[in-house]
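Biologist: Hello! I am new to this structure and would love a close look at a single part of it. Could you take me through that part step by step?

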Amino acid sequence: MTIPFSFRLEAPDFIPSYYDTHIKRTLSAMQGQFLDQNAYDRMRAEDDTLLYEVYEIHRPEVPGELSHGISIVHPGRVGAEYAMTKGHFHRVLDTSEIYHCLKGHGFMVMESPEGEWAVEELSPGTVLYVLPCWAHRSVNVGAGEDLVTFFAYPGHAGHDYGTIEARGFRKLVLDRNGAPAIVDNPRWVKAASS
Ligand SMILES: [Fe+2]
C-alpha cells in the first residue's frame, strides 16, 4: 500500500481483516527443535499437527518501515514441552521488536548472543519489548486456548532461524506436574564467541 491504511483485530479469533501472507508452521517444520524426540516422532507418525500461524503485513525492507502482524500459537505439547514457535534472531542483529498479547497465556523466551537469557510471561494486555540483538520465541502454556500476539519490527530486520536451529535456546518451558516450569536446555550450545 502506498497510502496510510488501517485494519481490524477483533476478538475472539484476532484474525486481521487485512494481511499479505498467512504462514502455517506444522510439526514437520520443527524437526529437531523439541527436547523429546521420541514424543515428536510419535506425533509426526500420526499427523503433521499445525503448531502456529502468522499473518503478516509486509512493508518494504528498509529501516523506516515497520513490518507487523499477528502470531497465533495453538495449544498443545510435544512430550512435556509446550507448543512454541521456531524462534529467531533478526538477520540485522541489532534490531528490536515489540509484542502485544491479545489472548491466551504464554511466555516469551529470549536470549542474547552472549548467552544472557530472559523469560517474560504473556497474558492479555502484556506489552513486551524485545531488546536489539535478542532472539525470541513464543510458548503457549494455556490449556486449550490460542496464544495471540501482535508484533512489529523494523522493516529491514529480516529473520535468522538457522542459529537457533543449530544451538537451541538456553531455556525451555516444560510442564511439571501441570504447571509450566522454566528449565535449562541440556542440548543448548553456547556461541563460540561468547
Ligand atoms: Fe522477531
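Biologist: Let us start with Ile 98: is this residue buried, partly exposed or exposed, and why?

Modeller: Happy to help! Please keep in mind that this is a predicted model. Ile 98 counts as partly exposed, because its relative accessibility is 38%, and partly exposed covers the range between under 20% for buried and over 50% for exposed. You will find Ile 98 in strand 6, which covers residues 97-103. On the surface, Ile 98 belongs to a nonpolar patch together with Val 127, Tyr 129 and Leu 131. Together, the accessible area of these residues is about 380 Å².

Strand 6 also takes in residue 97, and that brings us to the metal site. Glu 97 is buried, and its OE atom coordinates the iron ion. The other donors are the NE2 atoms of His 88, His 90 and His 136, and the coordination distances run from 2.0 to 2.3 Å. Like Glu 97, His 90 is buried. Along the chain, the donors are spaced as H-x1-H-x6-E-x38-H. The arrangement of the four donor atoms is irregular because the angles they subtend around the iron ion range from 83 to 166°.

Now for the cysteines. Cys 101 has a relative accessibility of 1%, so this residue counts as buried. Cys 133, at 25%, therefore counts as partly exposed. As for disulfides, with a cut-off of 2.5 Å between cysteine sulfur atoms, the count is zero.

Technical notes: Residues numbered from 1 in each chain as written. Predicted model: local features only at pLDDT ≥ 70, side-chain atom pairs only at ≥ 80, totals over all residues. Heavy atoms only, no water. Donors = N, O, S within 2.8 Å, 3.2 Å for Na, K, Ca; no water. Tetrahedral: all angles 85-135°; square planar, octahedral: opposite > 155°, others 65-115°. Buried < 20%, exposed > 50% of the residue type's maximum accessible area, 1.4 Å probe, protein only. Patch = residues over 30% accessible without salt bridge, like charges linked within 9 Å, V, L, I, M, F, W, Y side chains within 5 Å. Areas by Shrake-Rupley, 256 points an atom, 1.4 Å probe, with all protein chains shown as cover. Salt bridge = Lys/Arg side-chain N within 4 Å of Asp/Glu carboxyl O. Helix = DSSP H or I, 4+ residues; strand = E, 2+ residues; numbered from the N terminus.
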